[in-house]
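Please open the model in your viewer, with the sequence panel alongside, and follow the stops below in order. Each stop suggests a selection and then says what is to be found there.

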Amino acid sequence: MVDTCNDIAGEAVTLLPVAAAALLDGEGRVLLQRRPPGKQMADLWEFPGGKIDPGERPEAALVRELAEELGIVVDQEGCVPLTFASALLGERHLLLLLYVIRDWQGDPQALEATELAWVTPAAMRDLPMPPADVPLVAMLDRWLTGNDAIGG
């Protein structure tokens, strides 16, 4: 996996690949977690997930992160890619891959976050979220409401 890329000015920046999950319940709601105090972007709501280690498949990283953050077990085959976001974060460039997950084992718990919430994509628009997560909300909403051909 490439670990550097160029920013808009042509300067080299570190690429930070991240896998995130839109865990869907039976009512069309998605699980979000609130970032804890002391972390970058504290108190913002985000999709659970985390960094992809060098040499790690995104789906494997997501399964690992969801076990660490939420205490749930997810099958890699159940991680369906939906969309991605790309954003410059200081000296790093974030590549955020969003997967839809409908099935898991266990009840999600806030093991690393301060709070969990099941919300509709429409309600997400009113929550403070990291800039890279914001465009993912619109795509997820279009996909869930059938207004987008992707996965639809």
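## A tour from the core outwards

Begin with the largest nonpolar core of this predicted model, a set of 26 residues in which Phe-47, Leu-96, Met-124 and Leu-140 have the most contacts. Colour by element next, and the contributors of two or more residues to this core can be picked out as E2, E3, strand E6 (80-89), E7, E8 and helix H3 (134-144). Of these, H3 gives the most, with 5 residues.

Now select Leu-140 and display its neighbours: leaving aside residues up to four places away in sequence, Leu-140 touches Ala-22, Val-30, Phe-47, Leu-82, Val-100, Pro-121 and Met-124. Apart from this core lies another, of 15 residues, and Leu-31, Ile-52, Ile-72 and Val-74 are among them.

**Helix H3.** Select residues 134-144 and show the side chains. The buried residues of H3 are Leu-136, Val-137, Met-139, Leu-140, Asp-141 and Trp-143, and they pack against E2, E3, E6, E7 and helix H2 (121-124). After the helix comes Gly-146, which has a positive phi, near 75°.

**Thr-83.** Move from the helix to Thr-83, whose place is in strand E6. Is this residue buried or exposed? Thr-83 counts as buried because its relative accessibility is 19%, and the cut-off for that class is under 20%. Its contacts, again without residues up to four places away in sequence, are with Leu-96, Leu-97, Leu-98, Leu-136 and Met-139.

**Helix H1.** Select residues 58-70 next. This helix of 13 residues reaches 17 Å from its first C-alpha to its last, which is close to the 18 Å expected at 1.5 Å a residue. Which of its residues are buried? They are Pro-58, Glu-59, Ala-61, Leu-62, Val-63, Glu-65, Leu-66, Glu-69 and Leu-70. To see what they pack against, add strand E2 (12-23), strand E3 (30-34), strand E5 (49-51), strand E7 (92-101) and strand E8 (115-119) to the selection. Just beyond H1, Gly-71 follows with a positive phi, near 70°.

**The largest pocket.** Turn on a surface and look for the largest pocket, whose volume is about 560 Å³. It is lined by 27 residues, and those closest to its centre are Val-18, Arg-35, Glu-46, Gly-49 and Gly-50. The elements that supply two or more residues to this lining are E2, E3, E5, H1 and E7, and E2 gives the most, with 4 residues. Colouring the lining by residue class divides it into 13 nonpolar, 4 polar and 10 charged residues.

**The whole chain.** Finally, return to a cartoon of the full protein, in which the secondary structure comes to 3 helices and 8 strands. Followed from the N terminus, the elements run β-β-β-β-β-α-β-β-β-α-α. Colouring by burial marks 44% of the 152 residues as buried. If contacts between residues at least 6 apart in sequence are drawn as lines, 61% of them join residues at least 24 apart.

Conventions: Residues are numbered from 1 along each chain as its sequence is written. This is a predicted model: local features need pLDDT of at least 70, side-chain atom pairs count only at pLDDT 80 or more; totals for chains, interfaces and linings use all residues. Side-chain values use heavy atoms; hydrogens and water are left out. The expected span of a helix is 1.5 Å times one less than its number of residues. Buried means under 20% relative accessible area, exposed over 50%, partly exposed in between (1.4 Å probe, protein chains only). Contact means heavy atoms within 4.5 Å. A nonpolar core is a set of buried Ala, Val, Leu, Ile, Met, Phe, Trp, Tyr and Cys residues joined through side-chain atoms within 4.5 Å. On a 1 Å grid over the protein atoms alone, a cavity is a set of points where a 1.4 Å probe fits but cannot get out, and a pocket is an open set with protein on both sides within 12 Å along at least five of seven lines; lining residues have an atom within 4 Å of a point. Grid points are joined across faces, edges and corners, and a volume is the space filled by probe spheres set on the points. Ala, Val, Leu, Ile, Met, Phe, Trp, Tyr, Cys and Pro count as nonpolar, Asp, Glu, Lys and Arg as charged, and the others, Gly among them, as polar.
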